[in-house]
Amino acid sequence: MGNSALKAHLETAQKTGVFQLTGKGLTEFPEDLQKLTSNLRTIDLSNNKIELLPPLIGKFSFLKSLVLNNNKLTALPEELCKLKKLETLLLNGNHLRQLPAAFGQLLALKTLSLSGNQLRTVPTQLCGLRHLDVVDLSKNQIQNVPDTVGELQAIELNLNQNQISQISVQISHCPRLKVLRLEENCLELGMLPQSILSDSQISLLAVEGNLFEIKKLRELEGYDKDSGSVVFHQHLLKSS
């Protein structure tokens, strides 16, 4: 990509607060962006080949949205955690195995999407994020959901297409969790905590594609088909 084209994007970004440069084969985070650390509210560098996010990312103190879907990131710098105003972080389709230790400092974060990475567990750093609404951890390599999940503040948690065979009963204690997606995992019926049905805030549960039939779930104590304490995904109703 030529310097003149990049310069034009930078000039636009200075006026709008939005820098969007997608699908251009970039292998590095554009260093020229550091001229706009106080201007930018949104950065979208999706569909490139960026392998590394430089420490300077921590200088974008007014950034609200960072989108880096479909790059080649293998790790995130600790400096990312300085973005106190960041509300949306989309990192789908990278090669991330873990989050920075200080990730819990992103206190404004509302939407986090890490679909299609290489995470092996639900990151404990998410549990301190009080404003987190939506967490997408689908298409990773997660095998179990640990006790710490009970502190998660999210309203929606997507764990579809992982390798989950165990879920802590603490998931029933998530104070705001309304939507739980567990489709296409490795769950036996006995490994699904019954308290999800009888003693949780969860109102939509998606579990198709596991190691049991949906109709067996409906027979469990705690599933109240009259009051509909838990509603199943519409396409699951065919199994009843």
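**Surface, charge pairs and cysteines of the chain**

User: What percentage of the accessible surface of the chain belongs to carbon and sulfur atoms?
Analyst: The accessible surface of the chain comes to about 11,500 Å², an area obtained by the Shrake-Rupley method with a 1.4 Å probe, where for residues only the protein chains shown count as cover. This is a predicted model, in which local features need pLDDT of at least 70 and side-chain atom pairs count only at pLDDT 80 or more, whereas totals for chains, interfaces and linings use all residues. Residues are numbered from 1 along each chain as its sequence is written, and side-chain values use heavy atoms, with hydrogens and water left out. Of the accessible surface, the part that belongs to carbon and sulfur atoms is 46%.

User: How many strands does the secondary structure of the chain come to?
Analyst: Helices (H or I, at least four residues) and strands (E, at least two) are taken as DSSP runs, numbered from the N terminus. The C-alpha atoms of the chain fill a box of roughly 65 × 30 × 30 Å along the principal axes. Alongside three helices, the secondary structure has a strand count of 12.

User: What percentage of the residues in the chain is buried?
Analyst: A residue is called buried under 20% relative accessible area, exposed over 50% and partly exposed in between (1.4 Å probe, protein chains only). The chain has 240 residues, and the buried part of them is 47%.

User: Which residue forms a salt bridge with R176?
Analyst: A salt bridge requires a side-chain nitrogen of Lys or Arg within 4 Å of a carboxyl oxygen of Asp or Glu, and a search of the whole structure finds four of them. For R176 the closest N and O atoms of the pair are 3.0 Å apart, and the partner is D133. The pair links distant parts of the chain, 43 residues apart, since R176 sits in the loop between β9 (166-167) and β10 (179-181) and D133 in the loop between β5 (111-113) and β6 (134-136). R176 is partly exposed at 27% relative accessible area, and at 24% so is its partner, D133.

User: Is K35, which forms a salt bridge with D32, buried or exposed?
Analyst: In the salt bridge between D32 and K35, the closest N and O atoms are 3.9 Å apart. D32 is partly exposed, at 33% relative accessible area. With a relative accessible area of 62%, K35 is exposed.

User: How far apart are the closest N and O atoms of K215 and E213?
Analyst: K215 counts as partly exposed at 40% relative accessibility, and E213 is partly exposed at 45%. These two residues form a salt bridge, in which the distance between the closest N and O atoms is 3.6 Å.

User: How many disulfides does the structure hold?
Analyst: A disulfide is a covalent bond between the sulfur atoms of two cysteines. Here it is counted as a pair of cysteine sulfur atoms within 2.5 Å. C174 is buried at 2% relative accessibility, and its sulfur is 7.9 Å from the closest cysteine sulfur, in C127, which is too far for a bond. The number of disulfides in the structure is zero.

User: Where does H95 lie?
Analyst: At 33% relative accessibility, H95 counts as partly exposed. Not counting residues up to four places away in sequence, H95 touches N71, K72, L73, T74, N117 and Q118, a contact meaning heavy atoms within 4.5 Å. H95 lies in the loop between β4 (88-90) and β5.
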